[in-house]
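The following exercises ask the reader to derive local and global features from a set of coordinates. Each task is followed by a solution in steps.

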Amino acid sequence: MSLLEITDLETTFDTQAGEIVATDGISFELEEGETLGIVGESGSGKSVTALSIMGLIRNPGQVKNGSVRFRDKDLHSLSDRELRKLLGRDISMVFQEASSALNPAYTIGHQIEETLEVNDYKGDPRERAVDLLEQVGIPSPEENLDKYPHQYSGGMAQRAMIAIAISREPQLLIADEPTTALDVTIQAQILELFNDIQEEMNMSMIFISHDMGIIWEVCDRVAVMYKGKIVEIAETEQIFKDPKHPYTRGLLQCLPQVSEQLEPIKGTVPSGATLPGGCTFHPRCEYATDACVEGFPESARVGENHRASCYLYTDHDESGEAPSGKLPQNQNEKPINY
Amino acid sequence: MSSTLLEVENLSKHFESGGGFLRGSTKTHAVNDVSLDVQEGEVVGVVGESGCGKSTLGKSILRLHEPSSGRVTFDSKDITNLDPKGLRDVRKDMQMIFQDSALSLNPRLKVSRIIDEPLREHSTMSREERRHKVSELLEEIGLKPEHSERYPHEFSGGQRQRIGIARALTLNPRLLIADEPMSGVDVSVQAQLIKLFNELQDEYNLTYLIITHDMNVVRYMTDRVVVMYLGEIVERGPTEEVFRDPKHPYTKALLSAIPTPGKESGDRILLDGAVPDPEDPPQGCSFHTRCPEKIGDICEQQDPAQFDVNGQHAKCHLYDEP
Amino acid sequence: MKTRNTFYDVVDKRFLLGLYRRINSVVKDVMRTRKGRFGLVTIVLVTAIAILAPVLAPYDPASQNLTARLTSPNTTYLLGTDSYGRDILSRIIYGFRISLLIGVVSVGVGVAIGTIMGTVSGYYGGWVDEIIGRLIDIMLAFPFLLLALIIVAVLGPSITNMMIAVGISAAPQFARLARGDALTASEKEFVTAADSIGRSHFSIIVEHIIPNIFTSVVVMATLYMGRAIIISAALSFLGLGVQPPTPSLGLILADGRDFIALAPWITIAPGLAIVLVVLGFNLLGDALNDALDPELQTGDKLQ
Amino acid sequence: MGFRRYVLKRVLQAIPTIIAVVTIAFFMIRFIPGDPVEIMMGYTSDQQVIESLQQRYGLDQPLWRQYLEFMYGYLTFDFGTSVRTGRAVESMIMARLPHTILLATGGMIIALLIGIPAGIIAAVNRDEMTDDGVMVGALLGVSTPDFWIGLILILVFAGSLGIFPATGAGSLNDPVELLHHLVLPAITLGTFTASLIARLTRSSMIGVLEKDYVQAARARGIGERTVIYKHAFRNASVPVITVVGLYFGNAIAGTIVIEEVFARPGVGRLLLDSIFGRDYPVVQGTVVVIAVMYITVNLITDLVYTKADPKITYEDT
């Protein structure tokens, strides 16, 4: 049994411009001790996925469909009170910008102790808070506990946020772009911290990022999202060595650090309520066919633990060609070297 | 051989803050004794983390901030003490692209008015000619002429950045100073912008000074690079050399910190702590508080000089003459 | 050869046409919301009544009918009469005229003084700001009503003096708003960008600062129309504003006060009339606030 | 800098403003066309009487001298004597001040008690029926002249129902009577402010409820009530506090009209009576007192605000 099982998750937002489908039928599983990366550009629905799992989608948004099963318990069928019992204890979250995710009105110590108290911590919360700050590498914890978030630097605030998240040793930690707001040397420190903590506590992680480099470094498996859908999911190595979906491939071609000759994906990410019909990627895809305009391809198995949603790999094509391997190594495209 | 287009000598910019009743003011050395040169047709990168003074440097070169001391020479002309009129003429040739297009484009103006603003100020073109020029520029940067009648908020971040580029190009400048032109955009948009910059350079014979925090962009785009830390240049040299064999411990750490697909993070150099408060920089070498290769008291006491080998410079006591 | 910026270059025909289109689209945006529709319709209605007062009013608002004093509402006098036997309805209809006049003039005075002070102060900063800022602070040390009261007390009660007093009292509020917005705008990068192109202070103020102040000033002016009408009604009620026999809503209330138990209709109707006008401006102000903010305008990004 | 020193600094900063207020009060009557004494004593043309009066009020002195003496008088709490009653202005004001403070405070308490919960409830139920209801009410509240509300309340509760007195303020020695007299005026004064506070609280809360730290608090398993009242409102209150001071100040000025409507013997009514009676020393005194109260309230708010928002370091201000 997986720790977390998500099936057909659909979250929508009502806006003046119409209904926006933020996540559109997402399914994946997460094993114990595993780190799953979710990568995608802005508007792909990564953060909404995280909040949907946590049951924190609020008006004007709503989870329309699908289920989130944590330890075989359907989270969305729980009452708000029951759900909050799990949050902070079994499942916790680290946000993108710690400086805005920490309440500016209370000291760091207060916020850690409060978290411990609402989650039925039995020991002395103050002592535990000191230990936690120490664990996440904040110097002179006694003193720093009584400081307010704005007195922390960006990196330190993110450490404090992590301390709060791991205070009750959760089984699942969701980290939403936890290093995006940080400088690269500080980012390196925080990634290292995540690494240490996970080894120590053997928890599962969902790690959301737009940065392929970070995903490579942190994750066991990767889900690539585009406009609310998981277009490809595989083990990290596989994604980088042998990307199947044209979008994944395009993303990798955009990276100045791996691509000798940048090949930008043409066009822009469509926004708002007016998504293109069929496969949402087809206007930007160089392999697009009529089929892509009409319907969205089912996720197909393209390798071991490797699935992609693309007509290149489904049997949709009447010609009955082999379902896999149709995406050729693009001739005029230099191989990506790592 | 190419000629020197821009030369910056010992440029410093200090900001005074606080001050007032019964309290002395604090001086922040945002840029401290920085020298660099940019050759015609070259792409030079200025890289560093937030608060290192790279943006202030860019604005001081254009004299959008008045430099506290030092000299800026553009096309063999000292522009440091130019009067407003002279400055106005020089600025036709050096244009700036700003970091946040949401802030640098006036939200109340249509794109046409944003792009033709420099023309209205500097040219004698008729309205018709200006309109024509705007359409031309819009196509150049990958938008459509009919987009000129829209407002900035109707565009995506990448498109807005293109509009900023178009505005900078209207007067056919020779030097473009781009301050974090690609931060805050998605990778696919970033790739498009990088490509656009490359194409424009060929077409307009442009010289770029690119200010960024992103080492990957620097590696891909620039010929030479300058690394800044706490207002100072700690290392500079040809981009390829600096990336292949960084000399300064800070550059080493910076390069190793970039998460790169295919690279193991095991041999990463991790720096301790955060960048010190620029209002109260450390004595001696400004990097000594975080330096993993500190060689002794000298680092805490003495500010190192620039060490020079084969056109690659590093400001570190490791390279002191014995 | 360079061309200097002429006024005509900044405010050309195309610009005016653009302004017209913009107003048109703002009106459309305003009309799209319930608030906006109600506000705009109310204001248009009240304005029409004020303009057409001589046609609409059943009686001369000043004519007294001593045989019909304190008549309760009936078919002859729809809203009854006051203690001099004057028709309340007619006085209210004319009262709208006075209220709108006071609102427009006093807010106009306030906007003109305040916006110029604030813009100059916020954009230039330094000692200019130091002086103007201090002046604004001192004026703000008096509450709106008290300041207006003092000025009227000094100048003597009359409708003109009251309009001046209310206008001057509102000025520091507009100055503070304009100063803040000008300061914010002048720190924005698009001003740096204009500076980097080499534009003059005057051009920057006209093209970049004013449009960014404009919105909030228009919204606040609309909201202050309501406040000015209430304050001037209060001053008239106290006997420090419009003087009898001019029909003003505040004055009718003052008259009615003495007969409140005997003839409550004198008090009720003009009060509701004030609420109607002020509500109209407040609704319109709220709707404008939403409509004029370009970041809030919905609409899809370009594909 | 410690909080105590910060308080001291802010108090010192208020002094120039107060001096400016007193100066304005001094020059105020100089702007009135004509000779003050003649205006005040409109009925007498006896030259001797006028001269003796001019002497008594120091009006025969050079202007700078008059100004300095006026300043000195205010510094030593000597506001001069009333032309009409011959009593010391400061004692006339002091006798009436309690009623004004009572009214302003009562109005403000009502405004806060209604405005803040209404705003929070509206924000939490954003765009639903409750929200619409609160907002329509608040809009009506800010559009209605307070003195008219007073008249209507008198009509209904004093006239028809007869449960509250229409005029007067009661004796300061009888708390029940005081309160009985306070109810209607305080509601009158509080309605407008309550509506403003409700609107502001709502928009401030809506802004805060969208903040990451509110989501983060939920993600930590904290219950929704605690999230709203402890985490969200604590931050939303900061901008509310700033304007509450401003509103309180305006409420002090608002008492002028309300006191007139309810015939309460307060400072505001004294001001009006003196304006009509051309009793300029009293006008000056009351203007200064009301303005100083306004400045004081704003100062206190400012201090509360600094305490409420930990991000403000005292040095910055």
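The model examined here is predicted.

**Exercise 1. Sheet order in chain A**

Determine the strand order of the open sheet of 4 strands in chain A, and identify its edge strands.

Solution. Step 1: as a general principle, the strands of a sheet pair through backbone hydrogen bonds, in either a parallel or an antiparallel manner. Step 2: in chain A, the order across the open sheet is β2-β1-β4-β5, and the pairing is antiparallel. Step 3: strands β2 (18-30) and β5 (73-74) of chain A each pair on one side only, and they are therefore the edge strands, given that a pair requires at least two bridges. Step 4: within the sheet, β1 (residues 4-15) and β4 (residues 61-70) of chain A run antiparallel and are joined by 8 bridges. One bridge partnership sets A:Leu4 opposite A:Phe70 of β4(A).

**Exercise 2. A buried arginine in chain B**

Is B:Arg88 buried or exposed, and which backbone oxygen lies 3.0 Å from a polar atom of its side chain?

Solution. Step 1: locate the residue; B:Arg88 belongs to helix α2 (residues 84-93) of chain B. Step 2: its relative accessibility is 8%, and because the cut-off for burial is under 20%, B:Arg88 counts as buried. Step 3: the backbone oxygen in question is that of B:Glu121, at 3.0 Å from a polar side-chain atom of B:Arg88.

**Exercise 3. Unusual backbone geometry**

Find where two cis peptide bonds and two positive phi values occur in chains A, C and D.

Solution. Step 1: recall the usual case: most peptide bonds are trans, and most residues other than glycine have a negative phi.

Step 2: examine the peptide bonds. The bond from A:Asn59 to A:Pro60 is cis, with omega near 5 degrees; A:Pro60 sits in the loop that links α1 (46-54) to β4 of chain A. In chain C, the bond from C:Pro244 to C:Pro245 is also cis, with omega near 10 degrees. C:Pro245 is placed in the loop between α10 (201-237) and α11 (249-257) of chain C.

Step 3: examine phi. For A:Lys227 the angle is positive, near 45 degrees, and this residue occupies the loop between β9 (221-226) and β10 (229-235) of chain A. For D:Ala263 phi is likewise positive, near 50 degrees; the residue lies in the loop between α10 (224-261) and α11 (267-277) of chain D.

Step 4: classify both by accessibility. A:Lys227 has a relative accessible area of 11%, so it is buried, whereas D:Ala263, at 21%, is partly exposed.

**Exercise 4. Helix packing and overall form of chain D**

Describe the secondary structure of chain D, and characterise the crossing of α5(D) with α8(D).

Solution. Step 1: count the elements; chain D has 12 helices and 0 strands. Step 2: consider the pair formed by helix α5 (residues 89-124) and helix α8 (residues 175-209) of chain D, whose axes come within 4 Å and cross at roughly 35 degrees. The crossing of α5(D) and α8(D) is right-handed. Their contact comprises 26 nonpolar, 8 polar and 1 charged residues. Step 3: turn to the whole chain. The C-alpha trace of chain D spans about 85 × 60 × 35 Å along its principal axes, and 52% of its 317 residues count as buried. Step 4: consider sequence separation. Among the contacts in chain D with a separation of 6 or more, 73% join residues 24 or more positions apart.

Definitions and conventions: Residues are numbered from 1 along each chain as its sequence is written. Chains are lettered from A and ligands numbered from 1 in the order in which they are written. This is a predicted model: local features need pLDDT of at least 70, side-chain atom pairs count only at pLDDT 80 or more; totals for chains, interfaces and linings use all residues. Side-chain values use heavy atoms; hydrogens and water are left out. Buried means under 20% relative accessible area, exposed over 50%, partly exposed in between (1.4 Å probe, protein chains only). A polar contact is a pair of N or O atoms within 3.5 Å; within protein, one must be able to donate a hydrogen and the other to accept it, and residues adjacent in sequence count only if both atoms are side-chain atoms. Axes are lines fitted to C-alpha atoms, for helices over the stretch in contact, and angles run from 0 to 180 degrees between N-to-C directions. A crossing is left-handed if the near helix is turned anticlockwise from the far one by less than a right angle, and right-handed if clockwise. Ala, Val, Leu, Ile, Met, Phe, Trp, Tyr, Cys and Pro count as nonpolar, Asp, Glu, Lys and Arg as charged, and the others, Gly among them, as polar. Contact means heavy atoms within 4.5 Å.
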